[in-house]
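Got your viewer open? Load the model and let's take a short tour, one selection at a time.

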Amino acid sequence: FRKQGGSVTNNPVLNARIDWTPLEGSVFFITAYQRQEVSALNEGQIYNVKGIAAGLTQRLGGNWAASLDAGYETASYVYDSGSDAPARKDRIWFVRPAINYQFNDQLDGSLYYQASDDDSTDSNFGYDSAVTGVELNYKF
């Protein structure tokens with residue numbers, strides 16, 4: 001429950017994930033989530049986030065693997081009278097192919113490309129994005 005001003009909202013938190021290994025060296029996942037966040041831009045404004053994502057990782061041989069993740073998310077911003085922040089709804093999708101390398105049990109890395117799009121009801125917040133990057137992960 002979240003109380004803002006004189007009103008109380010009820011937005012349950014959900015985070016569910018299923019992993020499946022249909023064949024040796026292949027992993028498929030699907031995840032769904034729902035939560036409530038506080039806006040970083042407008043103090044006191046809250047928004048509801050709901051989304052789903054899925055992905056597949058396939059071992060290629062040796063320490064190499066390829067992965068493809070994709071997802072869709074909605075963010076519904078609630079009008080906040082304290083900051084006069086308007087209500088809006090964002091619809092965001094992404095797709096992220098990557099090539100992964102496992103250096104050892106603690107260290108892995110990826111070279112990825114991510115395309116995403118935010119179709120917002122407020123034109124000041126919509127965007128199209130294409131990013132290429134390198135990611136390194138170390139497990140302690």
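How many bridges join strand 7 to strand 8? Select residues 88-102 for strand 7 and residues 107-120 for strand 8. Keep in mind that this is a predicted model. The two strands run antiparallel, and 11 bridges join them. For one of these pairings, pick A98 and look across to strand 8: its bridge partner there is Y112.

Now widen the selection to the whole sheet. It is an open one, built from 7 strands in the order 3-4-5-6-7-8-9, with antiparallel pairing. Next stop, the edges: select 14-20 for strand 3 and 127-138 for strand 9. Each has a single partner strand, so one side of each is left without a neighbour in the sheet. Turn the view to follow the twist, which averages 15° from one strand to the next. As background, strands of a sheet pair through backbone hydrogen bonds, either parallel or antiparallel.

Switch to a cartoon of the full protein and colour by secondary structure. You'll find 9 strands and 0 helices, so to speak a plain run of β-β-β-β-β-β-β-β-β from the N terminus on.

Then bring up the surface. The accessible area of the protein comes to about 9200 Å², and 56% of that belongs to carbon and sulfur atoms. How much of the protein is buried? Of its 140 residues, 31% are.

Last, switch on contacts. Take those between residues at least 6 apart in sequence: 42% of them join residues at least 24 apart.

Conventions
Residues are numbered from 1 along each chain as its sequence is written. This is a predicted model: local features need pLDDT of at least 70, side-chain atom pairs count only at pLDDT 80 or more; totals for chains, interfaces and linings use all residues. Side-chain values use heavy atoms; hydrogens and water are left out. Two strands pair if DSSP finds at least two bridges between them. Helices (H or I, at least four residues) and strands (E, at least two) are DSSP runs, numbered from the N terminus. Axes are lines fitted to C-alpha atoms, for helices over the stretch in contact, and angles run from 0 to 180 degrees between N-to-C directions. Buried means under 20% relative accessible area, exposed over 50%, partly exposed in between (1.4 Å probe, protein chains only). Contact means heavy atoms within 4.5 Å. Accessible areas come from the Shrake-Rupley method with a 1.4 Å probe; for residues, only the protein chains shown count as cover.
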